[in-house]
Amino acid sequence: MRTQSRAGWVNAATPWLSDLSRPLRARSSTTLPDRIAGARDLWQRRLLEVQHGPAVVPERLPAAVLRPDNPAEGEEIVALARRHGLSLVPYGAGSGVCGAIECGPRTLVVDTKRLRQLSVTDAGTLRVGPG
């Protein structure tokens, strides 16, 4: 359920965020600016829609933006989404240009910028996180 407030559209249906661990919950956001930023990439068609139409389309806003700090928190997010039947959308820098970000009120945006781990495998291969 969404309600109109003075700040804009607020998603009131996110009680499941309390299921997250405290550190991940502290880095998660349901604020309108974060949800707007996480709801689109740089696809020209969407940018034109924003320029010539409403800047915020409530039906296209995610429920929350989550910022995992490590792979275990990523697993926690996937488990939460499965448990509650939520969709996940990975979000890097938002620089994609193909319109791959499609959100809705039962979508969680997973901001991967904090996942910057580097490691070297036993075979000498460098593994780089998505952030």
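**Note on Thr107 and its surroundings**

1. Thr107 is buried, with a relative accessible area of 6%, and this value, like every other in this note, comes from a predicted model. The residue counts as buried because its 6% falls under the 20% relative accessible area that sets the limit.

2. As for its place in the fold, Thr107 belongs to strand β5, which covers residues 107–111. The protein chain as a whole has 4 helices and 7 strands, and, read from the N terminus, these elements follow one another in the order β-β-α-α-α-β-α-β-β-β-β.

3. Leaving aside residues up to four places away in sequence, Thr107 is in contact with Pro62, Ala63, Ala64, Ser87 and Val89. In addition, the side chain of Thr107 comes to 3.0 Å from the backbone nitrogen of Gly104.

4. Gly104 can also be set against Val57, since the model gives a separation of 9.8 Å between the C-alpha atoms of these two residues, which stand 47 residues apart along the chain. Val57 itself is found in the loop that runs between α3 (44–52) and β3 (64–66), and Val57 is partly exposed, its relative accessible area being 29%.

5. For the protein chain overall, 34% of the 131 residues count as buried, and Thr107 is one of the buried residues. Among contacts in the protein chain with a separation of 6 or more, 61% are made by residues 24 or more positions apart. The accessible surface of the protein chain amounts to about 7900 Å², and carbon and sulfur atoms hold 56% of that surface.

Definitions and conventions:
Residues numbered from 1 in each chain as written. Predicted model: local features only at pLDDT ≥ 70, side-chain atom pairs only at ≥ 80, totals over all residues. Heavy atoms only, no water. Helix = DSSP H or I, 4+ residues; strand = E, 2+ residues; numbered from the N terminus. Buried < 20%, exposed > 50% of the residue type's maximum accessible area, 1.4 Å probe, protein only. Polar contact = N/O pair within 3.5 Å; in protein donor to acceptor, adjacent residues only side chain to side chain. Contact = heavy atoms within 4.5 Å. Areas by Shrake-Rupley, 256 points an atom, 1.4 Å probe, with all protein chains shown as cover.
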